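These are my notebook entries on strand pairing and helix packing. The structure I consulted is shown below.

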Amino acid sequence: MHDNRFAVIAKAGDRIADLSTPRPVIDEDRLAANIDRVQSYMDQHGLNFRPHIKTHKIPALAVAQVAAGAKGINCQKVTEAEVFAEAGFEDILITFNILGPQKLERLAKLNERISALKVVADSEVTVDGLAAHFSGHKPLNVLVECDTGGSRCGVQTPGEAASLARRIAAADGLTFGGIVTYPKPQSAAAVEAFIAETLKQLTSEGISCAIISNGGTPSLFEAHLVTSATEHRAGTYIYNDRQMVRMGHCTEDECAMHVLATVVSRPNADRAVIDAGSKALTSDLQGFSDYGLVVGYPEAKISSLSEEHGVIDLSNCTGPRPQIGEKLFIIPNHTCVVSNLFDTMVFHRGGIVTRVEDVAARGLVW
C-alpha cells in the first residue's frame, strides 16, 4: 500500500462533492454495467474474454470481471502480473516482449508460481532469449504476436508467424501456445485473413494453435467478425473515456471514471483555472485538441495543462460559466493513464462514497 500519510482519504459514506481534489472517482453502477455489457456480448458470441488490467490496476476489479465470466486476465508487464498473482490469479497473459536477465529471472519465478502463465514474442531474438532461460525448467507458454494492421509490435506476415511458431515449438523449455494480435479498429476482415492463412500454414506442419487472441476496446463489438479468434482482450471498456465516446463504443453516460477538479481561479471572463494539470488528467490528446470533456459545460475547452494547473477556455460558452470554488466532473481523454497517476481510486454510488481501493499495480511499468 502506498504511503498516504499526507493525503486526504475518502471513506464510505462521504459525499464526493466534499472530497479534496483533484481526484478520480468511479461510478459503481456504470462500472458494473460496463462489465456486464461486454461479458454478455462475449458470451453471446461464444468468445472467451480476457480483460486487460492495465486500465484499472486493481485486483478487486479483476475479481469482478472474472466473476462475471472472464477467462483469465491480460497484463502488460511482469511486475503487474506479479501483483495479480499475489492476489490469487493463475491464468495470466503478458502481452509484451520480455528481454533481459532481470525480467527473465522474475518471469521464471512467476512461471513456477502460477499454473497458466503465457507470454508473447515477435522475433527470434525474444524467443531465443526465453528458450535460453527456460531450458531445463518448467516450460513457458509462448504465443506469437502478429501485426494485423495495428502497426505496433508483431510479425508482419503469416509466413513469419508460422516460422516463429515452429521455432518456439522446437525450443527446449518453451511451448507454442497460439497467436495474438492487437489490430486497428474496423479491420476484422484483414485480421481474419491474416489468421486464416497463419492457421493454414501451421496446420500443414502439424502445429496446433490452442489460443487465437484478438484484442482492443476500440474493436470490441466487432470481435465476433473475427471468426477464427478464440478470445478477445480489452481494458478501457471497464471505465470508458472520451476517446471511446468519439469512436461510438459508448456514450458519455457510460463513462464510469471522472476526474473531480476544483476551479481555483477566474482571471478573466474567458478563462478558468482548475487544480487538475498533467499530473491528474494526463497530457494524452488521443487525437483531441484539448485535455478532457467538462461535464455540464460542453463548450468549455481544457486548452492547456501544466503540472498542477489546467486552463479552461470559456470563450465559446453561451450559457453559465464555472465559478471559483465550483467542482467539475471531467471525462478524461484516456482513463488508463489516469489510473497510473493516483495511489487510490474512490468509488461512489449516487454521489456517496462506497469504497476506496489501492491502485495496487500503480507505477509497475517494467
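**Entry 1: around β10.** I began with β10 and strand β11 (residues 271–274), which pair in the antiparallel sense over three bridges. The model is a predicted one. I looked up how the chain passes from β10 to β11 and found a hairpin of two residues. Across this pairing, N268 has R271 in β11 as its bridge partner.

I then looked for further partners of β10. Strand β1 (residues 23–27) pairs with strand β10 (residues 257–268) in the antiparallel sense, over four bridges. I noted one bridge here: I26 is matched with M257 in β10. Strand β15 (residues 327–331) also runs antiparallel to β10, and four bridges join the two. For V259, I recorded I330 in β15 as the bridge partner. As background, I noted that strands of a sheet pair through backbone hydrogen bonds, in either the parallel or the antiparallel sense.

**Entry 2: the open sheet.** I next asked in what order the eight strands of the open sheet lie. The order I read is β2-β9-β8-β7-β6-β5-β4-β3, and the pairing is parallel. At the edges I found β2 (48–51) and β3 (73–75), each of which pairs on one side only. Neighbouring strands of this sheet are turned against each other by 30° on average, direction ignored.

Within the sheet I examined one pair in detail. Strand β4 (residues 91–94) and strand β5 (residues 116–121) are parallel partners over four bridges. In this pair I located L93 opposite K118 in β5.

**Entry 3: helices across the sheet.** I looked up which strands helix α3 (residues 78–86) lies across. They are β3 and β4, and α3 runs at about 170° to β4. I made the corresponding entry for helix α7 (residues 188–204), which lies across β6 (140–146), β7 (174–181) and β8 (211–215). The angle of α7 to β7 is about 155°.

**Entry 4: α6 with α7.** Two packed helices are described by the angle between their axes and the distance between the axes. I therefore recorded both values for helix α6 (residues 158–170) and α7: an angle of about 45° and axes 8 Å apart. That angle makes α6 oblique to α7. The crossing of α6 and α7 is right-handed.

I listed the residues in contact. On α6 they are P158, G159, A161, A162 and A165, and these meet F194, E197, T198, Q201 and L202 in α7. Sorting the residues of this contact by class, I obtained six nonpolar, three polar and one charged.

**Entry 5: α3 with α4.** What angle do α3 and helix α4 (residues 101–113) make where they pack? I noted about 25°, with the axes 10 Å apart. Because angles under 35 degrees count as roughly parallel, α3 is roughly parallel to α4. The crossing of α3 and α4 is left-handed.

The contact residues of α3 are V78, T79, A81, E82, A85 and E86, which meet K103, R106, L107, L110 and R113 in α4. By class I recorded five nonpolar, one polar and five charged residues in the contact of α3 with α4.

Note on methods: Residues numbered from 1 in each chain as written. Predicted model: local features only at pLDDT ≥ 70, side-chain atom pairs only at ≥ 80, totals over all residues. Heavy atoms only, no water. Pairing = 2+ DSSP bridges. Axes fitted to C-alpha atoms, helices over the stretch in contact; angles between N-to-C directions. Contact = heavy atoms within 4.5 Å. Parallel < 35°, antiparallel > 145°, perpendicular 65-115°, else oblique. Left-handed = near helix turned anticlockwise from the far one by under 90°. Nonpolar A, V, L, I, M, F, W, Y, C, P; charged D, E, K, R; others polar.
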